[in-house]
Amino acid sequence: KSPTRNNSIYNLPKDFLIGTSSSAYQIEGAWNEDGKSPSIWDDFVHFHEKSVDDHSNGDVSIDSYHHIKEDCFETYWNVFILYFPKFQHYRFSVSWTRILPNGSAVNDKGIRYYTKLIDTLISNGIEPMITIFHWDIPKWLQDLGGLTNPIFVDYFTAYADVLFHHFGSKVKNWMTVNEPFNLCTIGYGSNEWAPGIVSRGVGEYLCGHHLLLSHASAYHLYKNKYFMKQKGSIGITLDSRFYYPKNSSVTKFDLQRAQEYRLGWFAHPLFSESGGYPNVMVNEIEIRSKLEGRSFSRLPKFSNQEKAFIRGSSDFFGLNYYTSRLLSVDKTEHDPLESPAWFKDSRSLIDVNSTWKCAKSSWLYNVPEGLRDLLVWIKDEYNNPPVLITENGWSDEGELEDNGRIEYINAHLKELSKAINIDGCNIIGYTAWSLFDSFEWNRGFIEKFGLFSVNLTSPLKERVPKKSAYFLQKLIKERKLS
Ligand code: GBH
């Protein structure tokens with residue numbers, strides 16, 4: 001792609017996709033209906049009620065599961081509201097336990113629900129994109145150890161097989177896993193998120209290892225068994241921040257090393273020329289593990305065969321970008337007898353710039369230039385892979401005049417068009433997070449990310465467009481930022 005194909009740096013290419021996204025547990029509700037069995041999030045919100053700040057849960061949420069009318073698909077609000085701004089694609093996730101409630105027989109009602117959703121999207125000209133797994137591990141699988149048990153790979157592959165088989169003639173874009181970094185470091189490194197396993201520095205890496213193998217296994221299954229007929233593409237969604245130096249003692253090497261621990265942990269095995277984890281992680285964690293008196297490294301090893309199996313197993317690079325950080329390096333020598341952790345291994349100390357504007361979410365600062373810098377980092381590091389922005393968004397109190405969200409999205413899209421038009425990054429499209437205000441994990445319904453507001457107190461759960469929905473509607477038509 002030529003970097004000068006547009007006369008204006010703020011024009012978006014004609015074939016550039018603009019869409020929006022959601023995930024199953026955050027929107028569907030119907031947590032125990034039509035044969036669905038519990039996932040780790042159902043368990044987490046029911047047994048650790050206080051871990052969710054407003055003590056809410058996703059039992060009903062915005063009830064997307066019930067918003068299909070059997071006789072008239074067009075009245076399915078989720079699709080109607082996608083249709084009127086003319087979104088080009090909708091990225092949603094499938095609830096694993098609606099499809100395979102106990103790991104064996106397929107639940108027809110689950111298949112029927114997603115079939116209707118997919119058909120309705122297609123008949124309205126919206127490209128469905130499926131995230132196979134957005135954090136809702138089946139309880140039956142967590143009982144076996146979840147992502148710390150290598151059997152996860154086989155069950156994940158069997159689940160993906162069912163989805164390709166039933167939906168693959170219509171769905172041409174697949175993402176295997178959403179944000180392995182957050183699932184592994186929060187879910188297996190703290191009790192703040194499901195499954196709430198606190199196994200820092202050990203479980204965290206096992207989780208990542210089995211996710212990478214699961215991803216690659218589903219990828220190869222698709223390529224070997226389905227691609228000839230279905231001709232779709234399949235990738236993964238990773239997330240990161242750009243690191244800026246906190247002070248003049250932070251070197252280029254420090255910034256590079258930190259990003260290798262953050263994004264490279266997952267991106268290197270998939271997109272680098274050599275494959276495998278970044279050398280810096282392999283070497284340092286091996287040494288630390290020895291100091292701790294272990295006979296093998298806390299970071300699991302890939303065989304050469306596994307390395308080759310994973311390397312190149314993603315047709316595109318799905319990227320969730322929200323914010324950036326200032327970095328400095330933790331120089332303390334951690335006592336090998338105290339418990340390890342990814343964040344200790346990474347030695348990354350993070351801070352923010354006081355001029356950055358903060359969202360309703362305390363972690364979310366508006367740093368649009370970080371998106372461009374991260375995209376250039378990915379281009380240089382991984383030989384300019386096709387990148388799909390799979391999430392980017394802003395949280396607020398839920399106001400309909402959501403000027404903060406418009407400002408954020410506009411600024412990020414401007415940086416993104418510079419990355420395309422000036423830096424020559426290969427970017428396929430942009431997916432705003434999120435279509436609706438929905439269950440924001442351990443923040444409950446406190447932080448609103450939606451382009452549409454939802455009336456939670458009404459049984460009909462009406463959706464109301466915010467100003468940002470109209471903003472995107474106009475942008476999709478004009479394809480020009482200002
Ligand atoms: C994405 O996760 C998810 O894919 C999506 O489901 C979610 O709704 C969306 O973003 C918005 O949050 O910086 O140490 O304070 C992002 C999840 C939330 C994980 C914030 C890290 C902050 C940890 N992230 N959390 S910290």
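This tour proceeds through the structure stop by stop, naming what to select and what is found there. The model is predicted, and residues are numbered from 1 along each chain.

**The ligand**

Begin by selecting the ligand, which sits in the largest pocket. Display its surroundings next: 18 residues surround the ligand, and the closest are Q26, N178, E391, E440 and W441. Select Q26 and look for a polar side-chain atom 2.8 Å from an oxygen atom of the ligand. Turn then to E179, where a polar side-chain atom lies 3.0 Å from an oxygen atom of the ligand. Y322 also places a polar side-chain atom by a ligand oxygen, here at 3.2 Å. Of the 570 Å² of accessible area that the ligand has on its own, the protein covers 79%.

**Helix α5**

Select residues 108-123, which form helix α5. The 16 residues of this helix should span 22 Å at 1.5 Å a residue, and the end C-alpha atoms are indeed 22 Å apart, so the expected and modelled spans agree. Colour the buried residues of α5, among them G110, I111, Y113 and Y114. Further along α5, K116, L117, I118, T120 and L121 are buried as well.

Pause at L117, which belongs to helix α5. Is L117 buried or exposed? Its relative accessibility is 4%, so L117 counts as buried, the limit being under 20%. Add H67 to the selection: H67 and L117 are 50 residues apart in sequence, while their C-alpha atoms are 9.8 Å apart in space. Finally, move past the helix to G125, which follows α5 and has a positive phi, near 80°.

**Helix α7**

Residues 151-167 make up helix α7. Its 17 residues should span 24 Å at 1.5 Å a residue; the end C-alpha atoms are 25 Å apart, which agrees. The buried residues of α7 include F152, V153, F156, Y159, F164 and F167. D161 is also one of the buried residues in this helix.

**Helix α15**

Now select residues 403-421, helix α15. This helix has 19 residues and reaches 26 Å from its first C-alpha to its last, close to the 27 Å expected at 1.5 Å a residue. Helix α15 is mostly covered, with 15 of its 19 residues buried.

Within α15, select R405. R405 has a relative accessible area of 1% and is therefore buried. Which side chains does R405 contact? One polar contact joins the side chain of R405 to that of D396, at 3.2 Å. Another joins the side chain of R405 to that of D402, at 2.9 Å.

**Backbone details in the loops**

Two cis peptide bonds may be visited next. In the loop between α8 (180-187) and α9 (203-230), find P195; the peptide bond from A194 to P195 is cis, with omega near 0°. Then go to S434, in the loop between β11 (427-433) and β12 (452-454). The peptide bond from W433 to S434 is cis, with omega near 10°.

Two residues with positive phi complete the tour. S61 lies in the loop between α2 (40-47) and α3 (77-83), and its phi is about 45° although S61 is not a glycine. At 5% relative accessibility, S61 counts as buried. N383, in the loop between α14 (368-382) and β10 (387-391), is likewise not a glycine and has a positive phi near 65°. With 64% relative accessibility, N383 counts as exposed.

How values were computed. Predicted model: local features only at pLDDT ≥ 70, side-chain atom pairs only at ≥ 80, totals over all residues. Heavy atoms only, no water. Helix = DSSP H or I, 4+ residues; strand = E, 2+ residues; numbered from the N terminus. Expected span 1.5 Å × (residues − 1). Buried < 20%, exposed > 50% of the residue type's maximum accessible area, 1.4 Å probe, protein only. Near = heavy atom within 4 Å. Polar contact = N/O pair within 3.5 Å; in protein donor to acceptor, adjacent residues only side chain to side chain. Areas by Shrake-Rupley, 256 points an atom, 1.4 Å probe, with all protein chains shown as cover. 1 Å grid on protein atoms, 1.4 Å probe; cavity = no way out; pocket = protein on both sides within 12 Å on 5 of 7 lines; lining within 4 Å. Sits in = over half its atoms within 2 Å of the grid points.
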